[in-house]
Amino acid sequence: MARIPRILINSIIGGTVYHIMSRTALDGFPMKDVEKDYLLELLKRFSGLYFVEVLGFCCMDNHFHLLIRMQSESVFTDEEIKERFEKFHKEAGDGKTFSPDQLPELRAKLSSLSDFVREIKLGFTRFYNKRHQHRGFFWGGRFKSLVVENGETLINCLAYIDLNPVRAGIVTKPEEYRWNSIGYHIQTGNRDQFLSLDFGLKVFGLSDADDRLREYKKFLYETGAMNKNRGQQIKQEVLEKERQKEFKISRVDRFKSKTRHFSDSGIIGTKVFVQEKYQQVKHLFESVNEKLPRAINGLDGIYSLKRLAE
């Protein structure tokens, strides 16, 4: 039987939102911390190249979800295409250079949903196979995609994605998980402005990004506490505590989230300290590119460097 064609919509105004899901072909739960970190890094890297706005994500032990808005190829100028291409390949250190002759091909490629997801999945497979001396496929067939309407449908889909680790019983609060979008927002302060601050709430007239984050968190908790007979729910006592705080994200909340750096980092301290220690051990890192200390938002003057395997 022939495969059903993928539903792709080229929307010039506002782009098209897709919910993407892909599952491993391997048995069990092969994606551990390092694998999920690398998958997230790939997502960040390629979202800087492709005409894509990342609304949400969740990396689980055997599958991942993405909620993205693909923009039409007609939205970006030739200069913007050149800038994205050159920045991406400079960071990759692969020596590729831009040629104006590539513009028609790049314009079509960088607005392609299939190419975007394929590059992420292929890059991850290469990483996994090298790390685990594995051969063959990692992902189970082609990815699933669903066209999502803006507004109420979008925020419900985003909540479904962010609540994955709660339903699986991994965490009691969705922002405690390191590899979903609400966790990234709160734990890193949306580092590098990687994630969209839309949340499906722009259409409801909420112009302030902080207000949208708080309203989304409220929606997420209220939705996650409902008994839908699909895995674990957010406990009522946890919901009540958040209601008392009016779902505000305090500096204390952010600091608690950031304490993961004290166990997950390879090196942590002042920028000078991290740079000095890195020079002593950089031959142990898999990456050929120089690693740079990352400032930890909310901890003034404190920087960290990822672990050796990341």
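1. A word on terms first: a residue is called buried under 20% relative accessible area, exposed over 50% and partly exposed in between, with a 1.4 Å probe and protein chains only. By that scale Glu83 is partly exposed, because its relative accessible area is 47%. This is a predicted model, so to speak of local features pLDDT must be at least 70, side-chain atom pairs count only at pLDDT 80 or more, and totals for chains, interfaces and linings use all residues. Residues are numbered from 1 along each chain as its sequence is written, and side-chain values use heavy atoms, with hydrogens and water left out.

2. Glu83 belongs to helix 2, residues 78-92; helices here are DSSP runs (H or I, at least four residues), numbered from the N terminus. On the surface, Glu79, Glu80, Glu83 and Glu86 gather in a patch of negative charge. For such a patch, residues need over 30% relative accessible area and no salt bridge, and like charges are joined within 9 Å. Asp and Glu count as negative, while His and the chain ends are not counted. The place of a Glu charge is taken as CD.

3. Now to the charge pairs. Side chains of opposite charge can pair when their charged atoms come close. A salt bridge is a side-chain nitrogen of Lys or Arg within 4 Å of a carboxyl oxygen of Asp or Glu, and the whole structure holds 18 of these salt bridges.

4. Do have a look at Glu35 and Arg131, whose side chains meet in a salt bridge at 3.1 Å, N to O. This pair links distant parts of the chain, with Glu35 in helix 1 (residues 33-47) and Arg131 in helix 4 (residues 113-132), 96 residues apart. Glu35 counts as buried, at 2% relative accessibility, whereas Arg131 is partly exposed at 30%.

5. Which residue forms a salt bridge with Glu91? The partner is Lys87, and the closest N and O atoms are 2.9 Å apart. Glu91 and Lys87 are 4 residues apart in helix 2, so about one helical turn separates them. Glu91 is partly exposed, with a relative accessible area of 48%, while Lys87 counts as exposed at 52%.

6. Helix 4 has a pair of its own: Arg118 forms a salt bridge with Asp115, with the closest N and O atoms 2.4 Å apart. These two are 3 residues apart in the helix, so they too are separated by about one helical turn. Arg118 is partly exposed at 49%, but Asp115 is buried at 17%. Elsewhere, Lys173, Glu175, Lys217, Glu242 and Lys245 are joined into one network by salt bridges that share partners.

7. Glu242 turns up again in helix 9 (residues 236-244), where the buried residues are Val238, Leu239 and Glu242. Seen down the helix axis, these buried residues fall within an arc of 100° (from the directions to the C-beta atoms), so they line one face of the helix. Lys241 and Gln244 are exposed on the other side.

8. Two buried nonpolar residues round off the note. Val166 lies in helix 6, residues 164-167, and counts as buried at 2% relative accessibility. Its C-alpha atom is separated by 6.9 Å from that of Ile234, 68 residues apart along the chain. Phe116, in helix 4, is buried with a relative accessible area of 0%. The C-alpha atoms of Phe116 and Phe51 are separated by 9.1 Å, and the two residues are 65 residues apart along the chain.

How values were computed
Patches are made of residues with over 30% relative accessible area and no salt bridge: like charges are joined within 9 Å, nonpolar side chains (Val, Leu, Ile, Met, Phe, Trp, Tyr) within 5 Å. Accessible areas come from the Shrake-Rupley method with a 1.4 Å probe; for residues, only the protein chains shown count as cover.
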